[in-house]
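Biologist: Could you take one part of this structure and go through it slowly with me, in words that a first-year student can follow?

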Amino acid sequence: MTAAPRRLTRAQARRVAIAAQGFLDPRPEPFAATMRHVQRVIDRVGVIQIDSVNVLARSQYLPLFSRLGPYDTALLDRARDRAPRRLVEYWAHEASLIPPSTWPLLDPRMRAAAEKAWGGMRRILAERPDFVDVVEAEVVARGPMTAREVEAALEHDQPRRKDHWGWNWSEVKQALEYLFWAGRISSAGRTTQFERRYASLAATAPPPERPAWTQRPGPDADPDRYLELVRIAARAHGVGTELCLADYFRIKREDARPAIARLVADGELVPVEVPGWRPAWLHAEARLPRRVHAEALVSPFDSLVWQRERIHDLWDFHYRIEIYTPAHQRVHGYYVLPFLHGEALVARCDLKADRAGGVLRCPRVTWEPGAPAEARPALVRNLESMAQWLGLGRVDLPSGWADAP
């Protein structure tokens with residue numbers, strides 16, 4: 001790109017965002033995706049969120065389906081679990097998979113674990129620092145291990161007594177989670193029951209890979225770390241506000257602000273104005289397509305829709321996850337996926353994989369005002385594709401699902 005516009009329409013900003021997130025990249029044939037395709041998605045988004053909800057599919061698998069179509073999920077597991085590891089787990093946006101090179105950039109979060117981690121983790125560190133050290137030693141000696149396996153190993157190596165050395169499963173889990181947050185141990189993937197497998201850094205990334213991603217210089221390097229995190233976020237967004245760029249890795253806006261200024265000074269970010277939006281910045285290498293046509297069912301935990309103000313400002317789309325809303329108060333359903341059609345978010349689909357019945361159930365479809373008629377058959381195609389990917393025989397849609405709002 002030789003010149004950047006000083007002003008973008010909202011439609012242009014939407015198209016930039018869709019392209020930056022990889023929705024315009026060519027899709028392979030169903031189940032023909034290779035590790036190269038998986039790596040392309042990783043490079044595009046930079047972060048893949050994890051969540052335990054499995055009503056449809058584990059959340060880490062869905063962003064790749066949205067961008068590649070039906071693919072073998074074992075590819076993502078391999079990228080996470082086998083050398084050369086392309087992904088490691090840490091608290092990035094939320095619990096997330098990130099490239100190993102991103103892990104040391106989050107060192108400020110690791111160093112702040114004693115003050116910023118959740119209450120149980122801070123409490124076990126304050127009250128039982130000796131026990132935390134024992135748990136770490138057990139993982140280093142025996143890992144990778146789940147929390148229950150660590151508990152069993154401790155029972156053998158450090159039998160419970162009634163004096164001050166007593167402990168319980170909850171304390172084991174709290175110690176493990178603190179060690180994970182603090183970057184003292186890592187994760188070697190998840191079990192089929194979604195249990196994290198804790199491991200030493202050496203076991204997670206053996207030489208010669210380990211030095212490339214476990215180097216953690218001190219606080220003096222923090223400004224450069226924030227610079228790199230904002231750089232990743234800016235590339236993944238294509239165009240974004242300060243809030244967008246800070247929220248991608250959940251860093252403070254006051255830490256993102258100097259990084260943005262440096263990227264502007266270096267010409268990597270270009271200030272732009274988007275009507276009705278806050279001051280924004282365009283990545284200098286972002287695609288500026290004149291037209292786009294994308295079709296995708298988008299996970300509630302997809303990086304395209306993380307920042308709710310962003311999707312409201314660019315798409316005029318009010319989106320809330322209603323998983324934790326009481327059933328009688330839900331507006332659109334339990335596990336609702338926006339449907340991207342063209343350059344618009346045109347519908348919301350409440351989806352559930354009925355594995356016993358072999359059916360992809362869609363009890364509710366809510367169309368946005370002005371959704372085009374051609375979006376109806378497109379939605380059916382995408383639901384059928386998802387059912388195929390999940391190994392389900394058919395799609396069950398509600399009566400009147402195609403009715404205009």
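Modeller: Let us begin with a single pairing in this predicted model: strands β6 and β8 run antiparallel to each other and are joined over three bridges. Within that pairing, V239 has L282 of β8 as its bridge partner. As a general background, the strands of a sheet pair through backbone hydrogen bonds, and the pairing may be either parallel or antiparallel. On β8, which covers residues 280-283, there is also a pairing with β7, again in the antiparallel sense, and here four bridges are found. One place to look in this second pairing is V272, which stands opposite A280 in β8.

Taken together, these strands form an open sheet of three, in the order β6-β8-β7, with antiparallel pairing. The edge strands are β6, residues 239-241, and β7, residues 269-272, each of which pairs on one side only. If you compare the directions of neighbouring strands in this sheet, they are turned by 35° against each other on average, with direction ignored.

Finally, consider the two faces of β8, both of which are covered: A280 and L282 lie on one side, W281 and H283 lie on the other, and all of these residues are buried.

Notes:
Residues numbered from 1 in each chain as written. Predicted model: local features only at pLDDT ≥ 70, side-chain atom pairs only at ≥ 80, totals over all residues. Heavy atoms only, no water. Pairing = 2+ DSSP bridges. Axes fitted to C-alpha atoms, helices over the stretch in contact; angles between N-to-C directions. Buried < 20%, exposed > 50% of the residue type's maximum accessible area, 1.4 Å probe, protein only.
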